[in-house]
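Subject: Structure handover and notes

Dear colleague,

I am passing on the structure we spoke about, with the sequence alongside. Please have it open while you read the notes that come after it.

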Amino acid sequence: MAKTFRIGGIHPHDNKISAGRPITPLAPPKQVVIPLGQHIGAPAQPVVAKGDEVKVGTLIAKAGGFVSANIHSSVSGKVVKIDSVYDASGYKKPAVFINVDGDEWEESIDRTPEIKHECTLSSKEIVDKITEMGIVGMGGATFPTHVKLSIPPGQKAEALIVNAVECEPYLTSDDQLMREHAEEIMVGCTILMKAIGVNKTFIGIENNKPKAIALMREKAKDFPSIVVVPLKKRYPQGGEKQLIDAVLRRQVPSGALPIGVGAVVQNVGTVFAVYEAVQKNKPLFERVVTVTGKKLSNPSNFLVRIGTPMQVLIDAAGGMPEGNGKVIGGGPMMGRALVNTDVPVAKGSSGLLLLDNKESQRKKMRDCIRCGKCVFACPMGLNPAFLMRDAVAKDWGNSENMHVYDCIECGSCSFTCPANRPLLDYIRIGKQTVMGIMRARKSQVIKKREQKEIKSLSFSFCVWRIELLYHPRHTFMAEIPSHAICMVC
């Protein structure tokens with residue numbers, strides 16, 4: 001019997017319309033707009049200016065801190081400006097605008113089709129290369145990969161888990177990636193195992209992808225340390241904590257990270273990007289994006305340059321269908337409606353979903369009937385109905401007590417609610433507010449601790465100065481005025 005996680009979960013219809021469609025490379029557009037904040041953490045800092053010439057793979061922005069990522073040009077041409085652009089979140093973010101001229105790549109990138117199996121780099125060199133190439137999580141969270149691979153002191157990784165679940169309805173980019181690049185993914189797994197010092201990899205794939213499972217199992221025969229684990233179809237099995245529970249039968253405690261139970265989780269797209277970065281010296285400047293919808297004439301999986309406007313993808317898939325109601329960045333469960341179709345493709349853009357007017361309309365909200373369906377559906381064991389109640393009442397203290405910060409925003413609660421209540425919308429508000437309060441509180445604690453340490457140090461300094469001033473062997477310092485003893489206190 002196929003494995004799955006043990007708490008909550010739902011079974012939305014697959015709608016994998018674009019399954020089996022080959023990955024089709026899209027030509028670069030006339031202009032790309034490359035956001036500087038394509039990852040969790042600090043935005044990257046631009047290292048190019050207006051008028052600079054760049055090639056495909058040229059570094060255009062350096063990581064703005066440890067939790068950040070480098071950004072590279074996806075095209076060759078001239079930088080025309082650094083300005084703001086609406087991204088998939090609906091907010092304006094700084095970006096580099098590049099007019100395309102030809103398609104000249106950096107010479108350091110290996111563009112040959114041969115698969116390179118042997119990796120001679122050390123663990124540290126692998127992490128450094130991943131950092132340099134700007135690799136982030138490709139499943140949507142966009143957490144910088146080098147941060148995940150930097151195991152905290154006192155903790156030890158026991159296994160690498162590759163997230164090839166792709167449980168979100170409609171999306172097929174990971175499925176097709178496995179069908180076309182299975183061997184490269186296997187090599188990527190061996191590289192990541194070397195980086196974190198483990199000798200076991202588990203690749204979790206839901207059993208609605210039989211062709212991908214069969215091919216990956218066939219390739220895994222040459223890699224004895226890699227095991228392909230078929231999983232029962234269940235949403236949101238692609239969540240890190242749910243996948244760890246399904247594969248390892250270990251549950252990550254509230255507020256803890258996967259490394260706390262010995263697991264490092266990487267999306268299958270990230271694994272492929274790691275292979276290309278380490279073995280081909282290729283930065284992350286393009287990715288596979290599913291463009292789909294029931295009324296779309298040509299649902300497809302495209303290989304797209306970062307910074308390409310979403311409208312280019314829609315045109316390549318047959319154009320905007322008549323009566324289209326919404327364009328969703330991502331899938332229907334966790335994706336968000338785009339403010340316009342000029343939003344650029346980013347490192348975390350896994351899909352583009354077009355919904356007609358009927359599908360995109362929200363049903364009228366009714367009163368909660370206390371049925372408990374949202375509680376049974378929640379994979380984190382939360383009470384979504386009460387969390388929405390607290391958000392409406394702005395009772396942030398109770399929201400924190402009920403662990404709103406553990407919500408993974410999967411949308412299972414809203415999907416299953418018979419009263420059509422926008423549970424996730426309110427929970428998101430509560431989660432963002434509570435986490436802001438927690439950060440501010442932590443900052444105050446650190447500030448008070450630092451002030452206490454400064455006061456303690458200044459007192460010790462005062463004692464030392466007083467002793468020095470009035471020591472019989474140092475009478476020459478007695479002329480120093482008393483107000484000059486300590487400038488701190």
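The notes below go from the whole chain to its sheets and then to one helix.

Please keep in mind throughout that this is a predicted model.

Overall picture

The chain has 489 residues, of which 49% are buried, and its secondary structure amounts to 13 helices and 17 strands. Along the principal axes, the C-alpha atoms occupy a box of roughly 95 × 65 × 50 Å. If we take the contacts between residues at least 6 apart in sequence, 73% of them link residues at least 24 apart. The exposed area of the chain is about 23400 Å², and 55% of that comes from carbon and sulfur atoms. As for charge, there are 63 positive and 47 negative charges, and their mean positions lie 7 Å apart.

The three-stranded sheet

One open sheet consists of three strands in the order β3-β5-β6, with antiparallel pairing; β3 and β6 are its edge strands, each pairing on one side only. Strand β3 (residues 45-46) is joined to β5 (residues 59-62) by two bridges, and within this pairing Gln-45 has Lys-62 of β5 as its bridge partner. On the other side, β5 and β6 (residues 71-72) are also antiparallel and share two bridges, with Ala-61 placed opposite Ile-71 and Leu-59 placed opposite His-72.

The four-stranded sheet

A further open sheet has four strands, ordered β2-β8-β7-β4, and the pairing is again antiparallel. Because β2 (31-35) and β4 (53-54) each have a single partner strand, they stand at the edges, and one side of each is left without a neighbour in the sheet. Five bridges hold β2 against β8 (residues 92-100) in the antiparallel sense, and in that pairing Val-32 stands opposite Ile-98 of β8.

Strand β9 and its parallel partners

Strand β9 (residues 159-163) deserves a separate look, since five of its five residues are buried. The cover extends to both faces, with Ala-159, Ile-161 and Asn-163 buried on one side and Leu-160 and Val-162 buried on the other. Here the pairing is parallel: β9 is joined to β12 (residues 263-267) by five bridges, and to β10 (residues 201-206) by four. Asn-163 appears in both pairings, as the bridge partner of Asn-267 in β12 and opposite Gly-204 in β10. Together with helix α3 (residues 173-196), which takes its place in the unit alongside the two strands, β9 and β10 make a right-handed β-α-β unit.

Helix α10

In helix α10 (residues 384-393), the buried residues are Pro-384, Ala-385, Leu-387, Met-388, Asp-390 and Ala-391. As a reminder for reading that list, an α-helix has 3.6 residues a turn, so residues three or four places apart point the same way. Just after α10, Lys-394 adopts a positive phi of about 55°.

With best regards

Conventions
Residues are numbered from 1 along each chain as its sequence is written. This is a predicted model: local features need pLDDT of at least 70, side-chain atom pairs count only at pLDDT 80 or more; totals for chains, interfaces and linings use all residues. Side-chain values use heavy atoms; hydrogens and water are left out. Two strands pair if DSSP finds at least two bridges between them. Buried means under 20% relative accessible area, exposed over 50%, partly exposed in between (1.4 Å probe, protein chains only). Contact means heavy atoms within 4.5 Å. Accessible areas come from the Shrake-Rupley method with a 1.4 Å probe; for residues, only the protein chains shown count as cover. Lys and Arg count as positive and Asp and Glu as negative; His and the chain ends are not counted. The place of a charge is taken as NZ of Lys, CZ of Arg, CG of Asp or CD of Glu. A crossover is right-handed if, with the strands pointing away from the viewer, the path from the first strand over the helix to the second runs clockwise.
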